[in-house]
Amino acid sequence: MSREQVTIIIDDILERYPSRPEYLIFLLQDIQSAYNYVSPEALNLVCDHVGVPLTQAYAVATFYKSFSLEPKGEHEIKVCLGTACHLKGGERLIEDWERKLKMKAGETTPDLKFTLDSVNCLGCCALSPVMVVDEEYHAKASSSTINKIIKKFANE
Ligand code: FES
């Protein structure tokens, strides 16, 4: 996507909301949803539009976990490392993903296809070890679960 196309999309998003501070979060949500992250340029444009200081917008964007200031992959993988999942092999799942995607937890692949993260308890410990891929929960996950997911994405 060219810089010109990016600006056009952000302009479209800005036009959806009045230029008032109370629309800050709505704008950030729409930008997050369009780009999978909020770039510094987008944050500046939003601040200009709603009339809030950059420090305030930055504080909001870093407070809510649903916003990312770094580019995220098309597919988000979250492996639970809460106590139950850790005991049932959560760490091995992370290592397996890292090996197969040639990346480290907390990173995004250079082609922006995958982002791998660890999370604390997802609230379904009886199903441990658990991982979430693009909002889909995988209970009692194993290396073979990972292989199936990678195969599915390779066929897209
Ligand atoms: S520790 Fe993983 S779901 Fe609770």
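## Contacts of Leu28 and the nonpolar cores

In this predicted model, Leu28 is in contact with Val38, Leu43, Val46, Ala57, Val60, Ala61 and Phe67, leaving aside its neighbours within four places in sequence. Leu28 belongs to the largest nonpolar core, which has 20 residues. Leu24, Leu27, Leu28, Ile31 and Val46 are the members of this core that touch the most other members. Two or more residues of the core come from each of the helices α1 (3–15), α2 (24–35), α3 (40–50) and α4. In soluble globular proteins, nonpolar side chains tend to be buried together.

Another core lies apart from this one and has 15 residues. Trp97, Leu101, Leu116 and Ile149 are among them.

## Salt bridges between distant parts of the chain

Six salt bridges are present in the structure. One of them joins Asp117 and Lys72, with 3.4 Å between the closest N and O atoms. Asp117 sits in strand β2 (residues 114–119), while Lys72 is in the loop between α4 (54–63) and β1 (75–80). The two residues are 45 residues apart, and the pair links distant parts of the chain. Lys72 has a relative accessible area of 21% and is partly exposed, because the cut-off for buried is under 20%.

Glu74 and Lys113 also form a salt bridge through their side chains, at 3.9 Å from N to O. Glu74 lies in the loop between α4 and β1, and Lys113 in the loop between α6 (90–101) and β2, so this salt bridge ties together parts that are 39 residues apart in sequence. Both ends are partly exposed: the relative accessible area is 48% for Glu74 and 23% for Lys113.

## Salt bridges around helix α6

Arg99 and Asp96 form a salt bridge in which the closest N and O atoms are 3.0 Å apart. Both residues belong to helix α6 and are three residues apart, so about one helical turn separates them. The ends of this pair have unlike surroundings: Arg99 is exposed, with a relative accessible area of 56%, whereas Asp96 counts as buried at 6% relative accessibility.

The pair is part of a network of salt bridges that links Asp96, Arg99 and Lys100.

How values were computed:
Residues are numbered from 1 along each chain as its sequence is written. This is a predicted model: local features need pLDDT of at least 70, side-chain atom pairs count only at pLDDT 80 or more; totals for chains, interfaces and linings use all residues. Side-chain values use heavy atoms; hydrogens and water are left out. A salt bridge is a side-chain nitrogen of Lys or Arg within 4 Å of a carboxyl oxygen of Asp or Glu. Helices (H or I, at least four residues) and strands (E, at least two) are DSSP runs, numbered from the N terminus. Buried means under 20% relative accessible area, exposed over 50%, partly exposed in between (1.4 Å probe, protein chains only). A nonpolar core is a set of buried Ala, Val, Leu, Ile, Met, Phe, Trp, Tyr and Cys residues joined through side-chain atoms within 4.5 Å. Contact means heavy atoms within 4.5 Å.
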